[in-house]
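Subject: Structure handover

Hello,

Here is the structure for your files. My notes on what turned up in it follow below.

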Amino acid sequence: MVVNKADVRRYAPRFVLTINGVDLSPQVSHAVTGLEISQQLNRNSSFSCRVQDSYDGFDFRWLGSPLFKYGNEVSIAIGYSNLLLPALEGTIQNIAPEFVSGTAPSFSFGGSDRGYTYLTTESESRTFRDTRDSDIVRQIAKDAHLQAVVDQTSRSVEERMKASGGTYLEFIRLMARQNNYQFRLSGRRLYFQRRSGNLKPVMTLTWGKDLISFRPELSTEQTVTKVIVRARDPVNKETIEGSATAGDERQRAGGARPASKVVRESQGERVRLINNQPVRSTDEANELALSELENSSENFMTGSAELIGAPELWPGACVMLAGLGKWFSGIYSIERATHRIDAQGYRTSLELKRNAL
């Protein structure tokens with residue numbers, strides 16, 4: 001791999017752990033031999049740290065220590081000597097030691113974002129009336145002791161119910177899909193935002209340079225070219241209809257053709273009819289149809305990439321991939337990012353999506 005002058009700063013990867021508000025001492029930090037953080041859109045984030053233990057008299061030095069106890073709050077920043085970025089705030093939820101004869105034990109500890117327990121615990125049904133989905137998410141974030149970063153949704157819903165036995169994470173995921181929004185947890189914040197119509201890459205990755213590997217796949221299996229939404233107006237007893245067709249997509253990758261147009265040109269029309277969703281106006285029907293059209297193209301192009309560690313890259317951001325030929329070069333959105341720092345260095349793995357060609 002060719003390394004240019006800009007890459008010199010990436011020779012000294014490091015991370016900083018804070019537990020219960022206190023930075024780890026150099027002695028403790030030296031025992032932490034590896035770190036992994038994984039974040040994904042519409043899912044919770046997780047972290048895992050590996051500790052090489054030693055004997056302190058007649059007992060282990062770190063295993064069983066109050067420092068690495070379940071329930072402790074953890075903050076993590078990752079990057080390089082001259083670039084450290086906040087990465088995750090969470091709670092220790094699991095501890096896994098490894099005992100091998102003849103060697104000092106090691107163990108890993110890990111967990112998930114703040115608010116994880118509240119969002120993923122099955123709970124009783126809850127009904128929200130005459131409100132917007134964005135206001136519902138704000139209330140859920142407040143209940144989970146998280147700060148809400150929310151874009152207001154366009155329509156008011158008469159009734160929205162979280163089913164008994166379901167989780168708030170599933171509930172938010174449903175609302176995100178129906179509004180064509182994306183959500184993620186980061187630190188003390190819950191983000192629930194519309195997909196940007198203008199994809200601006202934060203970084204360019206070139207194969208053979210800073211892009212170590214990339215394994216893409218192009219699939220037209222799920223993409224449709226038109227969506228029709230039909231519903232019955234219970235008041236006026238009339239049919240409400242809305243639609244969206246190839247080319248109506250709001251999110252574009254530069255001047256590329258959206259997946260729906262590619263499929264229509266190569267395979268003809270693929271129409272999806274939705275008649276089981278309550279809508280109250282033609283505008284609502286059109287919005288739902290457009291969201292479904294865009295959702296159908298989400299997995300048109302997917303890929304897994306590995307690169308030199310890049311703390312700037314997290315889900316929701318976009319990257320430009322270069323040197324991959326006519327079809328697979330272009331702008332991709334990051335669906336999942338995994339950051340690993342260990343004895344082998346710092347690597348970032350990305351799960352990428354692209355809805356155009």
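Helices here are DSSP runs of H or I with at least four residues, and they are numbered from the N terminus. By that count, D133 belongs to helix α3. Please keep in mind that this is a predicted model.

**D133 and the pairing of α3 with α4**

D133 is buried, because its relative accessible area is 1% and the limit for buried is under 20%. Apart from neighbours within four places in sequence, D133 contacts T153, V157, R160, M175 and N179.

Two of those partners, M175 and N179, also appear in the contact between α3 and α4. Helix α3 covers residues 133–143, and its axis lies 11 Å from that of α4, at an angle of about 155 degrees. Angles over 145 degrees count as roughly antiparallel, and α3 and α4 are therefore roughly antiparallel to each other. The crossing of α3 past α4 is left-handed. On the α3 side the contact is made by D133, I136, V137 and I140, and on the α4 side by Y168, F171, I172, M175 and N179. Sorted by class, the contact of α3 with α4 has 7 nonpolar, 1 polar and 1 charged residues.

**Helix α6**

Helix α6 runs over residues 282–296, which is 15 residues. At 1.5 Å a residue the expected span is 21 Å, and the end C-alpha atoms are 21 Å apart, so the two values agree.

How many of the residues of α6 are buried? The number is 11 of the 15, so the helix is largely enclosed by the rest of the structure. The buried residues are E284, A285, L288, A289, L290, S291, E292, L293, E294, N295 and S296. Their cover includes strands β12 (156–162), β17 (226–232), β18 (239–245) and β19 (271–274), along with helices α4 (168–179) and α5 (259–267).

The packing of α4 against α6 has an angle of about 100 degrees, with the axes 7 Å apart. Since 65 to 115 degrees counts as roughly perpendicular, α4 and α6 are therefore roughly perpendicular to each other. R177, Q178 and N179 of α4 meet E287, L288, S291, E292 and N295 of α6. This contact of α4 with α6 divides into 1 nonpolar, 4 polar and 3 charged residues. N179 is thus listed in the α4 contact with α3 and in the α4 contact with α6.

**Two residues with positive phi**

Most residues other than glycine have a negative phi. N20 is not a glycine, yet its phi is positive, at about 55 degrees. N20 sits in the loop between β1 and β2 (22–23) and is partly exposed, with a relative accessible area of 46%.

D130 also has a positive phi, near 45 degrees, and is a residue other than glycine. D130 lies in strand β10, residues 126–132. At 59% relative accessibility, D130 counts as exposed.

**A12**

A12 is in the segment before β1 (13–19), and is partly exposed at a relative accessible area of 34%. Which residues does A12 touch, not counting those up to four places away in sequence? They are G79, Y80 and S81. The C-alpha atoms of A12 and G345 are separated by 8.6 Å, although the two residues are 333 residues apart along the chain.

Regards

Methods:
Residues numbered from 1 in each chain as written. Predicted model: local features only at pLDDT ≥ 70, side-chain atom pairs only at ≥ 80, totals over all residues. Heavy atoms only, no water. Expected span 1.5 Å × (residues − 1). Buried < 20%, exposed > 50% of the residue type's maximum accessible area, 1.4 Å probe, protein only. Contact = heavy atoms within 4.5 Å. Axes fitted to C-alpha atoms, helices over the stretch in contact; angles between N-to-C directions. Parallel < 35°, antiparallel > 145°, perpendicular 65-115°, else oblique. Left-handed = near helix turned anticlockwise from the far one by under 90°. Nonpolar A, V, L, I, M, F, W, Y, C, P; charged D, E, K, R; others polar.
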